[in-house]
Amino acid sequence: MSKTIRQLSEELKLSKQAINQRINSINGFRIKHTYKVKNHLEIDNQGVKLLANFDKQKRQERQPNRQAENDKDKNIDHILLKQLDVKDQQIANLQQALDQQQKLQIATVAENHRLKEHVQKLSGLLESSSATHQRQLNDKDDTLTNSSNTSHSKDKNDNQNENKVAESRKSQEQIHKNKANKSWWHFWQK
């Protein structure tokens with residue numbers, strides 16, 4: 001029971017253009033399912049069924065595509081979730097490494113601070129030890145200076161005493177000479 005495009009459009013409640021679009025969208029439909037009767041195109045029973053079930057067929061064609069797309073989307077989602085898990089693990093490892101590095105840096109800074117304090121204490125001890133040593137050297141120098149000054153003073157005093165003794169002897173000799181000269185001169189003048 002073949003039908004014309006007009007009859008089919010009334011039966012399916014579609015426009016002639018919609019029927020023609022369906023005919024054109026199915027590969028080889030015109031060659032297999034249509035023939036010319038006088039001035040119009042007729043569609044055989046199998047073609048009428050194909051056009052009547054066109055929406056169902058498209059949905060069924062789309063359904064596997066949708067199922068494939070859904071499966072593909074699920075696979076992509078699964079892959080992305082795995083990648084996210086890997087990235088989360090990497091981030092957790094990096095965070096742990098960063099925490100360890102920060103702890104190590106804090107410990108290093110604390111150790112440096114402790115060593116600085118220790119060096120300052122040692123510097124203070126060294127300075128006080130150096131000052132004490134310098135004082136001892138100064139005291140020793142003062143003692144040596146005083147003793148050398150004392151011995152120098154003693155030598156000086158000895159020299160002065162010797163000079164005085166020598167002067168005194170000279171003076172006495174001079175007096176003695178003068179007396180002798182006076183005596184002789186005095187004797188001569190007399």
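## Glu 42 and its surroundings

In this predicted model, Glu 42 has its place in strand β3. The residue is buried yet takes part in no salt bridge, since the nearest side chain of opposite charge, that of Lys 38, is 8.9 Å away, and a salt bridge would require a side-chain nitrogen of Lys or Arg within 4 Å of a carboxyl oxygen.

The side chain of Glu 42 does, however, have a polar contact of 3.2 Å with the side chain of His 40. When residues up to four places away in sequence are left aside, Glu 42 touches Ser 2, Lys 3 and Thr 4, and likewise His 33, Thr 34, Tyr 35 and Val 37.

## The β2–β3 hairpin

Strand β3, made up of residues 40-43, runs antiparallel to strand β2, residues 34-37, and four bridges join the two. Among the paired positions, Thr 34 has Ile 43 of β3 as its bridge partner; Thr 34 is also one of the residues that Glu 42 touches.

The two strands form a hairpin with two residues between them, and in this turn Lys 38 has a positive phi of about 50°. Lys 38 is likewise the residue whose side chain is the nearest of opposite charge to Glu 42.

## The two sides of helix α2

Helix α2 spans residues 16-25, and its buried residues are Ala 18, Ile 19, Arg 22 and Ile 23. Viewed down the axis of α2, these buried residues fall within an arc of 140°, and therefore they line one face of the helix. An α-helix has 3.6 residues a turn, so residues three or four places apart point the same way.

On the other side of α2, Gln 17, Gln 21 and Asn 24 are exposed.

Technical notes
Residues numbered from 1 in each chain as written. Predicted model: local features only at pLDDT ≥ 70, side-chain atom pairs only at ≥ 80, totals over all residues. Heavy atoms only, no water. Pairing = 2+ DSSP bridges. Buried < 20%, exposed > 50% of the residue type's maximum accessible area, 1.4 Å probe, protein only. Lys, Arg positive; Asp, Glu negative; His and termini not counted. Polar contact = N/O pair within 3.5 Å; in protein donor to acceptor, adjacent residues only side chain to side chain. Contact = heavy atoms within 4.5 Å. Arc of directions from axis to C-beta.
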